[in-house]
Amino acid sequence: MLAGLSSAQWGLFTSAQAAQRGVSRLDLSRLAEAGLVERVLHGVYRDAGAAGDEFEGVRAAWLAIVPGIDAHLRLQSPTSDVVVSGVSATRLHGVGDFREDRYELTSLVRRQSQRQGVRITVRSMGDDDVTLRHGLPTTTIERTLADLVAARHDLTLVAHALGDAMRQGSVDLEDLARRLGPLAARNGLPKGAGDAFVERLLQLAGLDTAATVRRLAGMESIAAPIAAEYFAELRSQAQCLEDQLAQLRVPEPAYEQIRRQAEALTLALRPQRPA
């Protein structure tokens, strides 16, 4: 019975869930002594046959907050339950390099937790604030980044997390700008300037337009093929234009003038090697 429960909950179950199935705390102690279950934290156990992973701690903390309800039932309405947020959310998203000294969770209602290393923030969540990451309800990357700014984390660390999300292709910059707008003024930007806030973070991450151009220009292995493809296309367009001019029987002086202008434009656009 416990095996079926734990298999649906990443190999984990709570003592309250076990009690609902007729397994007492004394029974759990005996199972633990026999090596059949392992205690992960107070009130949460893992089936000894299930392999743990890097997210086991936050999963156990999430289960322990509402220990008497099975995970699949809680996941049916994630915005009214407990959501992983803050630095803990960055781990689930696989972004940033924050130091995680506690599990951060957000709840719609006040909940008590006597466990050290767990912080619960009371706040409402909308459908556009929550997603599923590694099976857990988690604040979206945009909401997570905005929450980190609101909690006054170092903007350089937030920018690095944004950079990781950009490389994953998992961030909506327009949505992020909307969320950062109310936080702009207290960070030295014009009131409501969410777009400017996003640009600042991109600059800190080295992902703004100017930095990207400079980086590409310095990568010869990338720049050379791009340039070759560009000029091949330019030559093709020039040949096409020459054929069209020939068909139109443009007078020789006018044709020569157009050709010289095209050559001058090509020369001007050709990248110059530094002296």
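How many bridges join strand 2 to strand 3? There are 4 bridges between strand 2 and strand 3 (residues 44–47), and the two strands run antiparallel. Before going further, here is how to read what follows. This is a predicted model, in which local features need pLDDT of at least 70 and side-chain atom pairs count only at pLDDT 80 or more, while totals for chains, interfaces and linings use all residues. Residues are numbered from 1 along each chain as its sequence is written, and side-chain values use heavy atoms, with hydrogens and water left out.

Let us stay with those strands for a moment. Helices (H or I, at least four residues) and strands (E, at least two) are DSSP runs numbered from the N terminus, and two strands pair if DSSP finds at least two bridges between them. Strands of a sheet pair through backbone hydrogen bonds, either parallel or antiparallel. Strand 2 and strand 3 belong to an open sheet of 3 strands with the order 1-3-2 and antiparallel pairing. Its edges are strand 1 (12–14) and strand 2 (37–41), each of which pairs on one side only. On average, neighbouring strands here are turned by 35° against each other, direction ignored. If you would like a residue pair to locate on screen, V37 has D47 in strand 3 as its bridge partner.

Next comes strand 5 (residues 103–107), which has pairings with two other strands to look at. Strand 4 (residues 82–84) runs antiparallel to strand 5 and is joined to it by 3 bridges; V82, for example, has S107 in strand 5 as its bridge partner. Strand 6 (residues 118–122) pairs with strand 5 in the parallel sense, over 5 bridges, and here L105 is matched with I120 in strand 6. Strand 5 is mostly covered, with 4 of its 5 residues buried. Buried means under 20% relative accessible area, exposed over 50%, and partly exposed in between, using a 1.4 Å probe and protein chains only.

Further along the chain, strand 7 (residues 130–133) and strand 8 pair in the antiparallel sense over 4 bridges. The two strands form a hairpin with 2 residues between them, and H134 in the turn has a positive phi of about 55°. Within this pairing, the bridge partner of T131 is T138 in strand 8. Strand 8 (residues 136–139) is covered on both faces: L136 and T138 are buried on one side, P137 and T139 on the other.

Now for the helices. Helix 6 (residues 86–93) has 7 of its 8 residues buried, so helix 6 is largely enclosed by the rest of the structure. The buried residues of helix 6 are G86, V87, S88, A89, T90, L92 and H93. After the helix comes G94, with a positive phi near 75°.

What does helix 6 meet in helix 7? Contact means heavy atoms within 4.5 Å, and by that rule G86, V87, A89, T90 and H93 meet I141, T144 and L148 in helix 7. By class, this contact has 4 nonpolar, 4 polar and no charged residues. For the classes, Ala, Val, Leu, Ile, Met, Phe, Trp, Tyr, Cys and Pro count as nonpolar, Asp, Glu, Lys and Arg as charged, and the others, Gly among them, as polar. The axes of helix 6 and helix 7 come within 9 Å and cross at roughly 145°. Such axes are lines fitted to C-alpha atoms, for helices over the stretch in contact, and angles run from 0 to 180 degrees between N-to-C directions.

Helix 7 (residues 141–150) also has a contact with helix 9 (residues 173–180), where the axes come within 9 Å and cross at roughly 30°. Helix 7 and helix 9 are therefore roughly parallel to each other, a label for angles under 35 degrees, with over 145 counted as roughly antiparallel, 65 to 115 as roughly perpendicular and the rest as oblique. Here E142, R143, L145, A146 and V149 of helix 7 meet D175, L176, R179 and L180 of helix 9. These residues divide into 5 nonpolar, no polar and 4 charged.

Two single residues round off the tour. D147, in helix 7, is buried, with a relative accessible area of 13%. Leaving aside neighbours within four places in sequence, D147 is in contact with R123 and T139. G181, in the loop between helix 9 and helix 10 (194–205), is buried with a relative accessible area of 7%. G181 touches G192, A193 and G194, not counting residues up to four places away in sequence.
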